[in-house]
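Visitor: Please choose one part of this model and take me through it slowly, explaining each term as you go.

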Amino acid sequence: MKKKCALYASKLVKDGMVVGLGGGSTISYLIDYVKDKDIKVVSPSSKTVLLAQQAGLTVLNTQYVDHVDIAFDGCDEVDSHLNALKSGGGIHTQEKIIASMADEYIVLVDETKFHETLAFQVPVVVEVLPKAYSIVKKKLEELNGIVEWRSASNKDGFLISDEGNILFDVYFKNVEDIHLLNQTLLMMPGIVDTSLFVDILTGMILVNDMGVFKKEKDGEFHSL
């Protein structure tokens, strides 16, 4: 299914484009499908950068780019309003930078990732300046968030972002207003950004046993 999703996404990539590529296995399949096209790539993922370079694609430093024609990424959850949670990689701040440059920002998912409204079955990852650790943790708990420091079994201590900031996994239940939660988090001093993507996606490509479907903002699913 992931290969089929990547194949249809590749048809949107044209010669001469600057293309944003996120992380994950679907993106790795997409690289295989576009490697012979005359494009340039930007990515927030060091693994994707390596795969793209190995495939012979030109990779640009995001620092020197201010426009992307189209960008593709995966996510953990996406809803009918194109709100998304991208909690796995912990590189959401860089992903949002690329999304802000892109004319189109499209997530590639299978039907297990789609919900009518975000279910918050995965945490909102919050990137926090180290000096704001205590106050941000307190404020998040006041919002009834269950706050955990992100860690990994093969690393001693806590995981930090590529920019040297703390990553909190924050679990929310019964979120009634996604826009309000997003605004509240982004306005909190000390928070750099979060893995909650609101009013950022322009479309999704969804694959299931019935086929491959595309949905754009405020539109219906249509078969590809």
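Guide: When residues are sorted by class, Ala, Val, Leu, Ile, Met, Phe, Trp, Tyr, Cys and Pro count as nonpolar, Asp, Glu, Lys and Arg as charged, and the others, Gly among them, as polar. The model is a predicted one, in which totals for linings use all residues, whereas local features need pLDDT of at least 70 and side-chain atom pairs count only at pLDDT 80 or more. Residues are numbered from 1 along each chain as its sequence is written, and side-chain values use heavy atoms, with hydrogens and water left out.

The part to look at is the second largest pocket (on a 1 Å grid over the protein atoms alone, an open set of points where a 1.4 Å probe fits, with protein on both sides within 12 Å along at least five of seven lines). This pocket has a volume of about 270 Å³, where volume is the space filled by probe spheres set on grid points joined across faces, edges and corners. Its lining (residues with an atom within 4 Å of a point) is made of 13 residues, and those nearest the centre are Leu143, Phe172, Asn174, Val175 and Leu181. Helix α6, residues 178-186, gives the most to this lining, with three residues; a helix here is a DSSP run of H or I with at least four residues, numbered from the N terminus. By class, the lining has seven nonpolar, three polar and three charged residues.

For comparison, the largest pocket holds about 560 Å³ of space, and of the 33 residues that line this largest pocket, Gly23, Gly24, Ser25, Asp73 and Gly74 are the closest to its centre. Helix α2 supplies the largest share of that lining, five residues, and the lining divides into nine nonpolar, 15 polar and nine charged residues.

Definitions and conventions. Helix = DSSP H or I, 4+ residues; strand = E, 2+ residues; numbered from the N terminus.
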